[in-house]
Amino acid sequence: QVQLVESGGGLVQAGGSLRLSCAASGSIFSINVMNWYRQAPGKQRELVAGIGSGSSTNYADSVKGRFTISRDNAKNTVYLQMNSLKPEDTAVYYCKITVYSYSGTWGDYWGQGTQVTVSS
């Protein structure tokens with residue numbers, strides 16, 4: 001089994017910054033893609049940013065130039081640095097990782113979610 005623990009959410013004023021972390025533990029042989037999603041009230045969950053095993057990255061257009069995703073493979077952790085936050089960034093943020101376990105299987109795992117609230 002794999003467990004994900006997210007941290008770093010909170011309340012911030014528009015223009016401020018937050019850094020989210022998502023640490024994975026358990027039966028992990030390797031991690032492929034690590035993603036951050038978000039879900040605002042009444043909206044569908046959307047992909048915010050992703051980072052591959054080779055550290056290639058992709059971003060939603062709405063966050064390009066403001067958010068930066070990174071990973072620490074030694075710590076099985078993915079980060080999301082969020083700058084110049086806007087009220088429309090308010091959402092619950094979830095990490096999702098694709099893991100190859102010691103049992104020889106691939107699986108997708110989700111974090112519990114962390115609330116980010118940006119006040120105007």
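The following exchange explains how several descriptions of this predicted model are reached.

User: What makes the values comparable from one residue to the next, and which residues count?

Analyst: This is a predicted model, in which local features need pLDDT of at least 70 and side-chain atom pairs count only at pLDDT 80 or more, while totals for chains, interfaces and linings use all residues. Residues are numbered from 1 along each chain as its sequence is written, and side-chain values use heavy atoms, with hydrogens and water left out.

User: What is the secondary structure of the protein chain?

Analyst: The protein chain has zero helices and eleven strands. Helices (H or I, at least four residues) and strands (E, at least two) are DSSP runs, numbered from the N terminus.

User: Why is Ser-21 called buried?

Analyst: Buried means under 20% relative accessible area, exposed over 50%, and partly exposed in between (1.4 Å probe, protein chains only). Ser-21 has a relative accessible area of 17%, so Ser-21 is buried. This residue is found in strand β3 (residues 18–26).

User: Why is Val-78 called buried, and what does Val-78 touch?

Analyst: The relative accessible area of Val-78 is 0%, and therefore Val-78 is buried. Val-78 lies in strand β8 (residues 77–82). Contact means heavy atoms within 4.5 Å. Not counting residues up to four places away in sequence, Val-78 touches ten residues' worth of neighbours including Ser-21, Cys-22, Trp-36 and Cys-95.

User: How do you know that Cys-22 and Cys-95 form a disulfide?

Analyst: A disulfide is a pair of cysteine sulfur atoms within 2.5 Å. The sulfur atoms of Cys-22 and Cys-95 are 2.0 Å apart, and the pair forms a disulfide. By this rule the count comes to one disulfide. The pair links distant parts of the chain, with Cys-22 in strand β3 and Cys-95 in strand β9 (residues 91–100), 73 residues apart.

User: Why is this disulfide called right-handed?

Analyst: The torsion about the S-S bond of Cys-22 and Cys-95 is about 55 degrees, so the disulfide is right-handed.

User: Why are Cys-22 and Cys-95 called buried?

Analyst: Cys-22 is buried because its relative accessible area is 1%. Cys-95 counts as buried because its relative accessibility is 0%.

User: How do you know whether the radius of gyration agrees with that of a compact globule?

Analyst: The radius of gyration is taken over C-alpha atoms, and the globule rule is 2.2 Å times the number of residues to the power 0.38. With 120 residues, a compact globule would have a radius near 14 Å; the protein chain has 14 Å, so the two agree.
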